[in-house]
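Student: Please take a close look at the cysteines in this structure. I would like one connected account, with the other parts of the chain brought in afterwards.

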Amino acid sequence: MGQKSIEIVKQSGLNVKELVEKLQSAYADECLAYIQYWEGARIPVGILSKNLADEMTEHATEELEHANLIAKRIMELGATVPVGPKAWLNKSTCGCFEPLDSNVMALLEQNISSERCAIDVYKDLADYTRGKDDITYKLAVKILEEETEHEQDLEDIKNDMETMLD
Ligand code: FE
Ligand code: FE
Ligand code: MG
C-alpha cells in the first residue's frame, strides 16, 4: 500500500473509495477485453481474416498490459483487484461480447463498439482525476491514447473491407 500516495489523493479532495471503484471497474473491463480479443483472434474467416486475427492478437496483449497497470495502481491505493470472471462481469462497464459470429465484419463491429466504450471509460477517469491524482491521471491518458489507436486500427480494417466489397 502506498500510504503517502493515499494521503496525497485524500488531500486533493478525491474520494479514495470512489476512485478505487472506478479503477476496479476499468480492471474488469480490461480482463474482459483481453478475453474478447484473445478468443476472437482464433475465429475470423473470409477476406482479411488474417489481418484481423493479427490485430486482435496484438490488442489482446495490450489490454492485458492495461489490466497490469491498473492493478498496480489499485494496490498502491490499498485495495485489491476483482477476482474471477463473475466479478469482472459484475464490475465491468463495457462487458464482453461473445464472438459467436466468425464473420470479419461482425467481429469488427463488436470490437469497435467495445473500444468506443473503453474510450468513454478512460475519458471519464482522466476527467475525474485531472489536477488531483497525477498518477492515475497519467495512466488514464496513456490508456486513452492506446484505446483510441485500437479503434482506429479496427476502423482501418473495416474501411479496407468496405473498399474490397464495393
Ligand atoms: Fe484496454
Ligand atoms: Fe482496446
Ligand atoms: Mg493495433
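Tutor:

**The cysteines and their surroundings**

In this predicted model, Cys-94 and Cys-117 are joined by a disulfide, with an S to S distance of 2.1 Å. The cut-off for such a link is a pair of cysteine sulfur atoms within 2.5 Å, and by this rule the count comes to one disulfide. The link of Cys-94 and Cys-117 is left-handed, with -90° about the S-S bond. Cys-94 lies in the loop between α4 (85-91) and α5 (104-129), while Cys-117 is in helix α5, so the disulfide ties together parts that are 23 residues apart in sequence.

Next comes the question of cover. Buried means under 20% relative accessible area, and exposed means over 50%, with partly exposed in between. Cys-94 has a relative accessibility of 22%, so Cys-94 counts as partly exposed. Cys-117 is also at 22%, and therefore counts as partly exposed.

Two further cysteines can be checked by the sulfur distance. Cys-31 is in no disulfide, because the nearest cysteine sulfur, that of Cys-96, is 11 Å away. Cys-31 has a relative accessible area of 8%, so this residue is buried. Cys-96 is in no disulfide either, and for Cys-96 the nearest cysteine sulfur is that of Cys-31, 11 Å away. With a relative accessible area of 28%, Cys-96 is partly exposed.

Now to the metal site. The iron ion (ligand 1) is coordinated at 2.0 to 2.4 Å by Glu-30 (OE), which is listed twice, together with Glu-63 (OE), His-66 (ND1) and Glu-147 (OE). Along the chain, the donors of the iron ion (ligand 1) follow the spacing E-x32-E-x2-H-x80-E. Glu-63 coordinates both the iron ion (ligand 1) and the iron ion (ligand 2), and these two ions are 3.9 Å apart. Helix α3 holds both Glu-63 and His-66, three residues apart, which is about one turn of the helix. Both Glu-63 and His-66 are buried.

Last, a part of the surface. Ile-47, Met-164 and Leu-165 make a nonpolar surface patch of about 300 Å². Of these residues, Ile-47 lies in the loop between α2 (16-40) and α3 (49-76). Ile-47 has a relative accessible area of 40%, so Ile-47 is partly exposed. That value also fits the rule for patches, which takes residues with over 30% relative accessible area.

Conventions:
Residues are numbered from 1 along each chain as its sequence is written. Chains are lettered from A and ligands numbered from 1 in the order in which they are written. This is a predicted model: local features need pLDDT of at least 70, side-chain atom pairs count only at pLDDT 80 or more; totals for chains, interfaces and linings use all residues. Side-chain values use heavy atoms; hydrogens and water are left out. Patches are made of residues with over 30% relative accessible area and no salt bridge: like charges are joined within 9 Å, nonpolar side chains (Val, Leu, Ile, Met, Phe, Trp, Tyr) within 5 Å. Accessible areas come from the Shrake-Rupley method with a 1.4 Å probe; for residues, only the protein chains shown count as cover. A salt bridge is a side-chain nitrogen of Lys or Arg within 4 Å of a carboxyl oxygen of Asp or Glu. Helices (H or I, at least four residues) and strands (E, at least two) are DSSP runs, numbered from the N terminus. Buried means under 20% relative accessible area, exposed over 50%, partly exposed in between (1.4 Å probe, protein chains only). Donors are N, O and S atoms within 2.8 Å of the metal (3.2 Å for Na, K and Ca); water is not among the atoms, so sites may look incomplete.
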